[in-house]
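Notebook open, viewer loaded. I want the overall layout down before I start poking at single residues.

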Amino acid sequence: MTTTSRGLAPGGRLSSRARSAVFSPLEPTGRAEAVTRRLSDAIALGLLRGDEQLPSETDLAEKLGVSTVTVREALTSLREQGLVRTRRGRGGGSFVCAPADAATSVLRARLRSFALGELRDLADHYAAISGACARLAAERADDDDHARLASGTERLGAATEAGARRRAEGQYHLELAASAQSPRLTREEIALQSAVGPVLWLAYADDATVTAACRQHERLQQAVAAGDAAVARAAAEDHVAEMFAAARALHREMMSG
């Protein structure tokens, strides 16, 4: 994958460090289901894009730390779910079939299915992980990380469609996790985004909410760039708290309607 002069992946694609979390070795208990879940989460979150070619079965097995038989079984499951297609012959391989952006109506139904206590618990977990990532990013991020975070905020501010805004927000948080240089925290970020992320970002259909989110990103980035771990952590936790507040308000509105 080529990069620009700022070290950014073209077209808003993830950095190599963030992508490495997607293809990092699985826990020892990982089996075909774990491979399927890892890749399906990445597809659902937009980390792997439509028509993107996956590494070969051999390369996937090596990256994920499983056998090629396990990878083959997972790809079969992904094909059955319509998330991957495989083309044989020259130029063949397995390609991502990203579904259309998860419709807002589907996400609203998912939000409605949460009890408020459950949603708050997930948001608390997310705040803890995001805060830890921000603290470590302030201690470890380099110039390329700073540039990627700034680019992520620019992408969020420029997005005009709700799905694009949710994807931009998800990528921003993943780059923040990658800047912490902790593969385990990055994988936890991916898992949390899969569990609750797009639901927390439902309010991003509103322009004022996106403007406020960009300001929160900028506060966070300034703290990371300054190496101020305490302020970075507080900024990240405040940001997640704001996302939860917006989702809670929408939840109450839906339940009373």
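Before reading off the element order, I note that helices here are DSSP runs of H or I with at least four residues, strands are runs of E with at least two, and both are numbered from the N terminus. The model is a predicted one.

**Layout.** I went through the chain from the N terminus and wrote down α-α-α-α-β-β-α-α-α-α-α-α-α-α. That makes 12 helices and two strands. The chain has 257 residues, and 49% of them count as buried. I also pulled the surface: about 12100 Å² is exposed, with carbon and sulfur atoms supplying 49% of it. Then I checked contact range. Taking contacts between residues at least 6 apart in sequence, I find that 74% join residues at least 24 apart.

**The two strands.** How do β1 and β2 run relative to each other? They are antiparallel, and four bridges join β1 (residues 84–87) to β2 (residues 93–96). I looked across the pair from R85 and found F95 of β2 opposite. The two strands make a hairpin, with five residues between them. In that turn I noted G89, whose phi is positive at about 85°.

**Positive phi elsewhere.** Next I looked for residues other than glycine with a positive phi. D51 came up with about 70°. D51 sits in the loop between α2 (32–44) and α3 (57–64), and D51 is exposed, at 54% relative accessible area. Q181 came up as well, with phi near 55°. Its loop runs between α8 (162–179) and α9 (183–195). Is Q181 exposed or only partly exposed? I get 40% relative accessible area, so I log Q181 as partly exposed.

**Core.** Which residues of the largest nonpolar core touch the most other members? The answer is L119, L200 and L220, in a core of 47 residues. Two or more residues each come from α5 (104–113), α6 (116–140), α7 (143–158), α8, α9, α10 (197–200), α11 and α12 (229–256). The largest share is from α6, which gives 12 residues. I then clicked on L220 and listed its contacts, skipping residues up to four places away in sequence: A134, Y172, L176, A232, A235 and A236. There is another core lying apart from the 47-residue one. This other core has 26 residues, including V22, V71, A74 and A178. A reminder to self: in soluble globular proteins, nonpolar side chains tend to be buried together.

**T186.** I picked this one out in helix α9. T186 is buried, with a relative accessible area of just 3%, so it falls under the 20% cut-off. Leaving out residues up to four places away in sequence, T186 touches A21, L174, A177 and A178. A178 is the residue I had just listed in the 26-residue core.

**Q216.** This residue is in helix α11 (residues 207–226). How far is Q216 from E242 in space? I get 9.3 Å from C-alpha to C-alpha, with their positions 26 residues apart in sequence. Q216 touches both H239 and E242, again ignoring residues up to four places away.

**Cysteines.** Last, I searched the whole structure for disulfides and found zero. I looked at two cysteines anyway. C97 is partly exposed, at 22% relative accessible area, whereas C214 is buried, at 10%.

Technical notes:
Residues numbered from 1 in each chain as written. Predicted model: local features only at pLDDT ≥ 70, side-chain atom pairs only at ≥ 80, totals over all residues. Heavy atoms only, no water. Buried < 20%, exposed > 50% of the residue type's maximum accessible area, 1.4 Å probe, protein only. Disulfide = S-S within 2.5 Å. Contact = heavy atoms within 4.5 Å. Areas by Shrake-Rupley, 256 points an atom, 1.4 Å probe, with all protein chains shown as cover. Pairing = 2+ DSSP bridges. Core = buried A, V, L, I, M, F, W, Y, C linked by side-chain atoms within 4.5 Å.
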